[in-house]
Amino acid sequence: MSKVDTIIAELEAISKNPKKAMDDFKAKTGKGAVGVLPVYAPEEIVYATGYLPIGVWGGKKQISKAATYLPAFACSIMQSIMEMEIDGVYDELAAVLISSPCDTLKCFGQKWKGKSPVIQFVHSQNRNIEASNTFMVEEYKVIREKLEKILGVTITDEAINNAIEIYNENRAVMRMFSDVVAMYPQIIDPIKRHAVIKARQFMDKAEHTKMVRELIAEIMKEAVVPYKGKKIVLTGIMAEPDELLDVFKEFDIAVVADDLAQETRQFRTDVPAGTDPMERLAKQWQNMTACSLATDRDKPRGQFIVDLVKKHGADAVIICMMKFCDPEEYDYPIMLEDFEKANIKNLKIEIDQQSVSMEQIRTRVQSFVEMM
Ligand code: SF4
């Protein structure tokens, strides 16, 4: 097994088994984990407590009990999180952070059925004014105080500033990884790319950075060769379940960049420099762009993706439309106009974490590749 394969196999194993990652962390540090629901949260405050921030993005699960608490038109991520909550999957978490960017999430804290205490918070949507920063500082102070109380710890400014540096370093390395994958799609297929990115949700970011840095160095020892398949940019909330990526791989589709909320949107905006960590974190939210969940009247997302396509010489965009996700559905017609103006081929597929069959998607992807 090559060094590249060994590192990827390790990250893949972590990405597929968050419970083990949590148990290993506990055995090593004596501390547990804090769950972070989609899409954005000031994870650095959690990291500063010594607990492991762990992503809670649902998974493949047959839905039955969740239907009692959520309408049938709630998105599939929240359906699966609710089902797992009821089954006690998240009961070991010391706390859970829930943001409120959409109608489904707004009431999710009240509906939480797990045993872990919930900290729900709000992101300002009028983000261009200074009042946004003032508001976010207050929201983040509440998170900090609640975490201190629940976990019985003191969170210092120094610890949060230190966490910010660790996270910014991870963000920079992950952006580098994404660009390296675009150069070496014959080495990193869509499944491996996703696993490396997903593992960061369940790992100490400092360790993840170290492994990905090593991975990049190993990949870059290889020669850059022309790719024989098609190159695409993905956009949407997530590109799961894994069977979807299997379909891409089957048709030699390489993911050369993404604008997925679960992937690069998590690391494309650094926390700016400064001394007050709460102000720094607040300003990061103000600096976020091209995301359906961060209101921007200029709607730059379509052009942002067009630029990604041009930068990486991609053949097309695949829109992974999360079933029943209003914010993503509202962005779609605007993005479509931008793609059509730029003459960029695109395909919209519906994402449902509970999908048992990929046949319809497989046929559509196959025709799309033939058309390209
Ligand atoms: S996928 Fe969309 S609807 Fe579901 S929680 Fe995320 S933003 Fe809300």
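The shell around the ligand is mostly a nonpolar affair: its residues split into 13 nonpolar, 1 polar and 2 charged. All of this comes from a predicted model. In total, 16 residues surround the ligand, and the closest are Cys75, Cys102, Ile237, Met322 and Cys325. Three helices, α4 (76–86), α5 (103–106) and α14 (326–341), chip in with at least two shell residues each. Of the elements involved, α14 gives the largest share, 3 residues.

Next come a few spots where the backbone does something less usual. As a rule, most residues other than glycine have a negative phi, and most peptide bonds are trans. Phe324 goes against the phi part of that rule, with a positive phi of about 65 degrees even though it is not a glycine. Phe324 sits in the loop between β7 (316–322) and α14. With 19 other C-beta atoms within 10 Å, Phe324 counts as partly exposed, because a residue needs 20 or more such neighbours to be called buried. Asp252 is another non-glycine residue with a positive phi, near 55 degrees. Its place is the loop between α11 and β6 (253–260). Asp252 has 15 other C-beta atoms within 10 Å, so it is partly exposed too.

The peptide bonds offer two cases of their own. Pro38 and Val39 are joined by a cis bond, with omega at about 5 degrees. Val39 belongs to the loop between β1 (33–36) and α3 (43–47). Further along the chain, the bond from Glu240 to Pro241 is also cis, and its omega is near 5 degrees. Pro241 lies in the loop that runs between β5 (230–236) and α11 (242–250).

Finally, there is a pair of helices that pack against each other. Helix α1 (residues 3–16) meets helix α10 (residues 205–219) at an angle of about 150 degrees, and their axes are 9 Å apart. Since angles over 145 degrees count as roughly antiparallel, α1 and α10 are therefore roughly antiparallel to each other. Their crossing is left-handed. On the α1 side, the residues making contact are Lys3, Val4, Ile7 and Leu11, and in α10 their partners are Met211, Glu214, Leu215, Glu218 and Ile219. Sorted by class, this contact brings together 6 nonpolar and 3 charged residues, with no polar ones.

Note on methods: Residues are numbered from 1 along each chain as its sequence is written. This is a predicted model: local features need pLDDT of at least 70, side-chain atom pairs count only at pLDDT 80 or more; totals for chains, interfaces and linings use all residues. Axes are lines fitted to C-alpha atoms, for helices over the stretch in contact, and angles run from 0 to 180 degrees between N-to-C directions. Helices (H or I, at least four residues) and strands (E, at least two) are DSSP runs, numbered from the N terminus. Angles under 35 degrees count as roughly parallel, over 145 as roughly antiparallel, 65 to 115 as roughly perpendicular and the rest as oblique. A crossing is left-handed if the near helix is turned anticlockwise from the far one by less than a right angle, and right-handed if clockwise. Two residues are in contact if their C-beta atoms, placed from the backbone, lie within 7 Å. Ala, Val, Leu, Ile, Met, Phe, Trp, Tyr, Cys and Pro count as nonpolar, Asp, Glu, Lys and Arg as charged, and the others, Gly among them, as polar. A residue is near a molecule or strand if its C-beta atom, placed from the backbone, lies within 6 Å of it. A residue is buried if 20 or more other C-beta atoms lie within 10 Å of its own, exposed if 12 or fewer, and partly exposed in between; C-beta atoms are placed from the backbone.
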